[in-house]
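Reader: I have a new model open and would enjoy walking through it with you. Shall we take it step by step?

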Amino acid sequence: LSVGSVVALTTMLLAWGVERAQLPPLVLIPLLLAGGALFGAAMGFVIQVFQIPAFIVTLAGMFLARGLCYLVSIDSIPIGEAQLSAWSQARIPVGPLGEVTPGVIVALVVLLLAVWLAHGTGFGRAVYAIGGNERSAQLMGLPVARTRIAVYAVSGLCAALGGVLFGIYTLSGYGLHA
């Protein structure tokens, strides 16, 4: 439930970071991605350790992330930073089909990574096993707790990546995005 709020928080922090704190985008973006992964991992940790239903924890995460947006600013923050503006306007030709934005390329790379992760790694097989029957996965000796936390971390990372791409696309950060 918190994905949209993490997207909004990421756009806000991106805009605040480049416009008000004057941080370079190439420094700020990895920090935002790591923050998203950490936020997701924290929710996964709470779900796993305290056995609180995921609905409740992610609902609380949604309110937390949205509330943090409004600590940054209650208004939209426009992004005028030159490098991000150039990225926003960039287009990649794809032959007779026309052009695509770099966000499309990032989405395709993420899709390919997700397919590889799900089908080509032990982590992906563990996720499938846990989703099929958690008790059986435990009996097989799979690291259920670690895998569950990692799944939430990946979700947070993807939400933050979505926020970075959305912030660059719209050249703004706003607490009501997503």
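Author: Gladly! This is a predicted model, and a good place to begin is T10, which sits in helix α1, residues 3-19.

Reader: Is T10 buried or exposed?

Author: The cut-off for buried is under 20% relative accessible area. T10 has a relative accessible area of 5%, so T10 is buried.

Reader: Which residues is T10 in contact with, leaving aside its neighbours within four places in sequence?

Author: Here we set aside the neighbours of T10 within four places in sequence. The partners of T10 are then L32, A160, G163 and V164.

Reader: Thanks! Let's move to T147. Which helix holds T147, and is T147 buried or exposed?

Author: The helix spanning residues 144-170 is α8, and T147 is found in it. With 4% relative accessibility, T147 falls under the 20% cut-off and therefore counts as buried.

Reader: Which backbone oxygen lies 2.7 Å from a polar atom of the side chain of T147?

Author: Besides its polar partner, T147 has contacts with F123, A126, V127 and I130, leaving aside neighbours within four places in sequence. As for the backbone oxygen 2.7 Å from a polar atom of the T147 side chain, the residue is P143.

Reader: Now the nonpolar side. Which element gives the largest share of the largest nonpolar core?

Author: The largest nonpolar core has 23 residues, and those with the most contacts inside it are L14, I29, I79, L84 and I168. Two or more residues of this core come from each of α1, α2 (25-50), α3 (54-72) and α8. The largest share, seven residues, is given by α1.

Reader: Which residues does L84 contact, leaving aside neighbours within four places in sequence?

Author: L84 is among the residues with the most contacts inside the core. In soluble globular proteins, nonpolar side chains tend to be buried together. Without its neighbours within four places in sequence, L84 is in contact with L14, V18, P25, I29, I79, I168 and L171.

Reader: Let's zoom out. In what order do the elements of the protein run from the N terminus on?

Author: The protein has eight helices and four strands. From the N terminus on, their order is α-α-α-β-α-β-β-α-α-α-α-β.

Reader: Lastly, what percentage of the residues of the protein count as buried?

Author: The accessible surface comes to about 9900 Å², and 73% of that belongs to carbon and sulfur atoms. For burial we look at the 178 residues of the protein, and the share that counts as buried is 34%.

Notes:
Residues are numbered from 1 along each chain as its sequence is written. This is a predicted model: local features need pLDDT of at least 70, side-chain atom pairs count only at pLDDT 80 or more; totals for chains, interfaces and linings use all residues. Side-chain values use heavy atoms; hydrogens and water are left out. Buried means under 20% relative accessible area, exposed over 50%, partly exposed in between (1.4 Å probe, protein chains only). A polar contact is a pair of N or O atoms within 3.5 Å; within protein, one must be able to donate a hydrogen and the other to accept it, and residues adjacent in sequence count only if both atoms are side-chain atoms. Contact means heavy atoms within 4.5 Å. Accessible areas come from the Shrake-Rupley method with a 1.4 Å probe; for residues, only the protein chains shown count as cover. A nonpolar core is a set of buried Ala, Val, Leu, Ile, Met, Phe, Trp, Tyr and Cys residues joined through side-chain atoms within 4.5 Å.
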